[in-house]
Amino acid sequence: MNKIYQIFKEYKYKLLLNYFFMSVTELSIISQPFLLGKSIDGLISGGWFWIVLLFLSYSISNLFNYKRMVYDTKVYTQIYNDIVLRFLKTNNTPDSVKVARTDMAHDIVGVLEGYVHYYIATIITIFGSIGFIYFSNWKVGLLVTLALIVITFAVLVFYKKIRQGINVRNNHYENKVTAIQNGYDTSVSFFNRRRKLEIFESTLQGKNWFLVGMIKSTFLALAIILLITTSDNITTGIVITLYSYLNNFLVSLESIPVVFEMYSRLNNIIKRIN
């Protein structure tokens, strides 16, 4: 992971500005279920204060998300070009390997552009949601916290096989140009094996996501039942707010499989490029 740290260090000001735009967007979004619940209860009783705040929250999240989308492409395309050109300048591997690894290098930038954004949003969502849940009903908070432990254990069951599948697929991909140069029959064999490897990896990921999804759905149903049976003086706004935070928290836990998969892909590619 030193490669990622070096990229952060070299482009830290540009990346931090981009992540700032992202953080403001997500902090605004995490406030919206609370403001929505307050708005519903307020409108029922004839008040308009909370609905105005909700509109302001929507406006802020849209504005900063727009600024992030405009800015980030400029930054990430520059990082990708710098990585690839440095690799080509200093590396003497065969052309087939160069082609494959320059393509793989885009996954490194993809981590900064996609995964880091995703985890900023996820971290804000997890801590913001669970904080509000515990504040509203600590019993429900304990229940959904247990979901974190169960989902992590479930993901670990599949992690080793997924990591092995990624390594085998990348080894095979480095022979793409050579296979094409050796003629049609070799190309057919190459692409057929590539298809089988992708199906195998996709099947593992599908099983992983299915298991995590079932756990998430089970805990969501249990949390709703516990919320209704243990809370006093529930209003329509509170129910909508708590359901939103419960769902947001449990959906965010589905990021755990992505963490393991991302780490496996990135670690494998960095070893090849270095």
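**Exercise 1. Find which residues Leu-220 is in contact with, leaving aside its neighbours within four places in sequence.**

Solution. Leaving aside those neighbours, Leu-220 is in contact with Tyr-243, Leu-246, Asn-247 and Leu-250, where contact means heavy atoms within 4.5 Å. The model examined here is predicted, so that local features need pLDDT of at least 70 and side-chain atom pairs count only at pLDDT 80 or more, while totals for chains, interfaces and linings use all residues. Residues are numbered from 1 along each chain as its sequence is written, and side-chain values use heavy atoms, with hydrogens and water left out.

The next step is to place the residue: Leu-220 lies in helix H7, helices being DSSP runs of H or I with at least four residues, and strands runs of E with at least two, numbered from the N terminus. Leu-220 counts as buried because its relative accessibility is 10%; buried means under 20% relative accessible area, exposed over 50%, and partly exposed in between, with a 1.4 Å probe and protein chains only. As a last step, the C-alpha atoms of Leu-220 and Phe-249 are separated by 9.5 Å, although these residues are 29 residues apart along the chain.

**Exercise 2. Describe the largest nonpolar core and state which helix supplies the largest share of it.**

Solution. A nonpolar core is a set of buried Ala, Val, Leu, Ile, Met, Phe, Trp, Tyr and Cys residues joined through side-chain atoms within 4.5 Å. The largest such core has 44 residues, and those with the most contacts inside it are Tyr-76, Ile-79, Ile-133, Val-144, Leu-246, Phe-249 and Leu-250. At least two residues of this core come from each of H2 (12-44), H3 (49-90), H4 (95-136), H5 (138-173), H7 (184-230) and H8 (236-252), and the largest share, 12 residues, comes from H4. Turning to Leu-250, and not counting residues up to four places away in sequence, one finds that Leu-250 touches Val-144, Ala-147, Lys-216, Phe-219 and Leu-220. As a general tendency, nonpolar side chains in soluble globular proteins are apt to be buried together.

**Exercise 3. Determine whether Ile-108, Thr-241, Leu-156 and Trp-50 are buried or partly exposed.**

Solution. Ile-108 has its place in helix H4 and counts as buried because its relative accessibility is 0%; its C-alpha atom is separated by 9.7 Å from that of Ile-7, 101 residues apart along the chain. Thr-241, in helix H8, counts as buried at 4% relative accessibility, and, not counting residues up to four places away in sequence, Thr-241 touches Pro-33, Phe-34, Gly-37 and Phe-132.

Leu-156 lies in helix H5, and with a relative accessibility of 45% Leu-156 counts as partly exposed; Leu-156 and Ile-256 are 100 residues apart in sequence and 9.7 Å apart in space, C-alpha to C-alpha. Trp-50, found in helix H3, is partly exposed, with a relative accessible area of 28%. Trp-50 touches Phe-34, Leu-35, Lys-38 and Ser-39, not counting residues up to four places away in sequence, and the C-alpha distance between Trp-50 and Leu-35, 15 residues apart in sequence, is 6.2 Å.

**Exercise 4. Summarise the secondary structure of the chain, its buried share and the separation of its contacts.**

Solution. The chain comes to nine helices and zero strands, which, read along the sequence, gives the pattern α-α-α-α-α-α-α-α-α. Of the 274 residues in the chain, 43% are buried. Among contacts with a separation of 6 or more, 81% are accounted for by residues 24 or more positions apart. Finally, the chain exposes about 15,300 Å², of which carbon and sulfur atoms supply 64%, the accessible areas coming from the Shrake-Rupley method with a 1.4 Å probe, and for residues only the protein chains shown count as cover.
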